[in-house]
Amino acid sequence: MSIAEKFATMEYGPAPEDPKDALVWLDGHKRRFGHFINGEWRDPVEGVFFDSTDPATGEKIAAVAQGSVADIAAAVESARKALSAWQALTPHARARYLYAMARSVQKHSRRLAVLETIDNGKPIRESRDIDIPLVARHFYHHAGWAQLLESEFPGYTACGVVGQIIPWNFPLLMLAWKIAPALATGNTVVLKPAEFTPLTALAFADICREIHLPAGVVNIVTGDGTTGEALVKHPDVDKIAFTGSTEVGRAIRSATATSHKRLSLELGGKSPFIIFEDADLDSAVEGLVDGIWFNQGQVCCAGSRLLMQESIAQPLIEKIQARMSTLRVGPPLDKAIDIGAIVAPVQLERIKRLVDQGVAEGATCWQPQIAMPSRGLYFPPTLLSNVHPTSIVAQQEIFGPVLAAMTFRTPSEAVELANNTVYGLASSVWSESINVALQVAAQIKAGVVWVNCTNLFDAACGFGGYRESGYGREGGREGIFEYIEPDWFKSAPALPASSKTTNDSEDEDQRAGLAIDRTVKLYIGGKQARPDSGYSIEVRGNEGELLGEAPLGNRKDIRNAVEAARKASGWAKSTAHHRAQVLYYMAENLSLRKEEVAKRLSAAVGKDLAEKEVTAAIDRIFSYAAWADKYDGAVHNPPFRTIAITMNEPVGTVGIICPNQSPLLGLLSLVLPALTAGNTVVAVPSETYPLIIGDLYQVFDTSDLPGGAVNLVSGYQSQLLKTLAEHDDVDAIWSFTDEASATAAKSYSVGNLKQVFTNEGRAINWFDPKQAEGRWFLKHATQVKNIWVPYGE
Ligand code: NAI
């Protein structure tokens, strides 16, 4: 076709990207890849390979090794061996390696973009202009954190050997999100790419060689879920970082519960895309194209649920359909293609099945009449309207180019619908009223809210979920915390197993046959409450003398306490200044009772320690009153015309199993950070001296603490822990007694993937502020929400 003819028709001609560099690289490896272990290519121990294919053509690209338990063992061993030398480097030396990675990614950007596109099926326009530049940016940003590590994170050290498992939707970007912060903080890595898309990780292995990264610092083992499982279960791995489906995240959570492995999870989403009637509809439609048709909709934060204000639903749907009709589906190496191929046949089948199910449940399916390629794995852009909020297509992650549309009437209905999901990864809010948009943004339970924009990412802005979208953040200062821990923590001595820990049976009535104590009660909803069981447990002093009786709480009491805590959510909305005032008042009231509290406590811990403990408790309350209005977020200035507002939001209702040592100070050291951050609390006090409840509710009652903000239920900790950890209305579980309790907290809470914070059964010196107060606790009491707001016309 001549240029003149093209001008006449304005049809697109083919515009293929040149794949030569990528093909030369593949051929250089004879299109057959072993694992990258200890700085060299190694054939798999069991000799098994699988094919990586191009989803656009179905053709084999290369043979890739299937990792076995033995391959994982070799990779972990190599990472372990490399660890001490890597940590012995200066921060500057590590920074230089990360900087070299960024430079090398840029140097090989065309190769990497083409490899990503042929392996995954995503349009070259996206891999070239979005994935690879973000990869380079991530390494640059983290070269900076490596350089500043010691000054910005004093008192922290690396986790150690980190196992990282990534998905197929952004293969190299997810690698960068994992490897950059791990290396910047002095960890060594074993990374397992997804089985559908291993090629760019293998190309990255070559980059590690090219920049002379010390052997063993980065190891890459390819394979499927069984390889990932071997990595998760390897005993010498200190941390697992996972991105992928919620289902596998849950399995990993379960598999790591009995270990001391740290865990961060970035899981699925069903993110709302909310358009108000005063929005700039044309911009919103362009946003939507990005929100759901970017990367064929195979995006964890895809705006897959469209929530439209009823008054504009009809014109909006028409605009969306008109725009959908101009989308071009086709060979992803073509630079003028909008929607490429679906990653694998199994994923295409899944999309088809879910769309069919949605239609069977009453949704109306609309697809534009556009040209579709005759071969390869493609699915047209799809709009499902009249979707019921409970339909499978409104609830489950489809991970395809499918938009499910619903309507709402008022902002509060929009928020309710937006939050009507188990997920909480991202959301997008469109309104020309900044007040409405920010008000809605504040109420949405999601780690990211994009106002009048969508799918913006930057290495400086942490990304990650609320609820069953996982926990932990990737990027920014908050992302660094996922790869470090307090330097004293790993060497803290293990606590002896709790002697009073009982089994989980429900025979509490038989174990405790005592009459109810009249003085100390449970504390639920701001009121003293008798235990449901009607029984008490004996509390004995150091000499074995009977000190009193504490109520024996049971499941019902825990449920009541959780309900009271949920109802007290107004605490989260109170100002930081107000929370500080309440805390100062608490300190004042404990001061007034100092002598009597110490006197009673002395029977349990001895006179000297009791006085010391009460004094330290007053000090600790002051510390958190001080923190209340100082544990602030930040404002980032990412490289777009936007600001990203980082908010430290409370996690919600926190269940806390308090330590047996320091019954007063230990309890307050955990309850206070949770409270300071705006959470509500259900705490189970020390089993050895639960009578402390009586002193505490007197202090709380006289300090203007709203009823339900803190609830105290004494009893057998192991039983109450189970109920708390399993409760779906508890958002985080903290356990600070023995190792068995730490394991139980992790295991019982797998169901709704609640956040877990434990001492791993180690002793914490509650008198030492370095160990027992401050940012480490506040970090666990909060979750970061980033609100992106554009500026300019
Ligand atoms: P997946 O969660 O099974 O795979 C992600 C990674 O985990 C891969 O590297 C895989 O090999 C590995 N893996 C699988 N089973 C494992 C196990 N038991 N232990 C350790 N590692 C394991 O995701 P899949 O099957 O590829 O996709 C299924 C669905 O998951 C998609 O349709 C989508 O809905 C969702 N998904 C969500 C992602 C996200 O970023 N939120 C990414 C990929 C998939």
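Modeller: A residue is called buried when its relative accessible area is under 20%. The structure discussed here is a predicted model.

Biologist: Why does Lys 779 count as buried?

Modeller: The relative accessibility of Lys 779 is 19%, and the limit is under 20%; Lys 779 therefore counts as buried. Lys 779 is found in helix H29, residues 775-780.

Biologist: Which residues is Lys 779 in contact with, leaving aside its neighbours within four places in sequence?

Modeller: With those neighbours set aside, the contacts of Lys 779 are Phe 481, Glu 482 and Tyr 631.

Biologist: Why is Ala 610 called buried?

Modeller: Ala 610 has 0% relative accessibility. Because the term requires a value under 20%, Ala 610 counts as buried. Its place is in helix H23, residues 607-628. Beyond its neighbours within four places in sequence, Ala 610 is in contact with Ala 598, Leu 601, Ser 602 and Val 605.

Biologist: What separates the C-alpha atoms of Ala 610 and Ala 628?

Modeller: These two residues are 18 apart along the chain, and their C-alpha atoms are separated by 27 Å.

Biologist: What makes the pairing of Trp 168 with the ligand a polar contact?

Modeller: A polar side-chain atom of Trp 168 lies 2.5 Å from an oxygen atom of the ligand. A polar contact is a pair of N or O atoms within 3.5 Å, so the pair with Trp 168 qualifies. By the same limit of 3.5 Å, a polar backbone atom of Leu 267 qualifies at 3.0 Å from a nitrogen atom of the ligand, as does an N or O atom in the side chain of Glu 397 at 3.1 Å from an oxygen atom of the ligand.

Biologist: How much of the ligand does the protein cover?

Modeller: On its own the ligand has 810 Å² of accessible area, of which the protein covers 87%. The surrounding shell has 26 residues, and by class these are 12 nonpolar, 8 polar and 6 charged. Helix H9 gives the largest share of the shell, 3 residues.

Biologist: Which residues touch the most other members of the largest nonpolar core?

Modeller: That core has 110 residues, and those touching the most other members are Phe 139, Leu 175, Phe 204, Ile 220, Ile 275 and Trp 450. The largest share, 11 residues, comes from helix H7, residues 171-184. A second, separate core of 69 residues includes Ala 550, Ala 598, Ala 674 and Ala 732.

How values were computed: Residues are numbered from 1 along each chain as its sequence is written. This is a predicted model: local features need pLDDT of at least 70, side-chain atom pairs count only at pLDDT 80 or more; totals for chains, interfaces and linings use all residues. Side-chain values use heavy atoms; hydrogens and water are left out. Helices (H or I, at least four residues) and strands (E, at least two) are DSSP runs, numbered from the N terminus. Buried means under 20% relative accessible area, exposed over 50%, partly exposed in between (1.4 Å probe, protein chains only). Contact means heavy atoms within 4.5 Å. A residue is near a molecule or strand if one of its heavy atoms lies within 4 Å of it. A polar contact is a pair of N or O atoms within 3.5 Å; within protein, one must be able to donate a hydrogen and the other to accept it, and residues adjacent in sequence count only if both atoms are side-chain atoms. Accessible areas come from the Shrake-Rupley method with a 1.4 Å probe; for residues, only the protein chains shown count as cover. Ala, Val, Leu, Ile, Met, Phe, Trp, Tyr, Cys and Pro count as nonpolar, Asp, Glu, Lys and Arg as charged, and the others, Gly among them, as polar. A nonpolar core is a set of buried Ala, Val, Leu, Ile, Met, Phe, Trp, Tyr and Cys residues joined through side-chain atoms within 4.5 Å.
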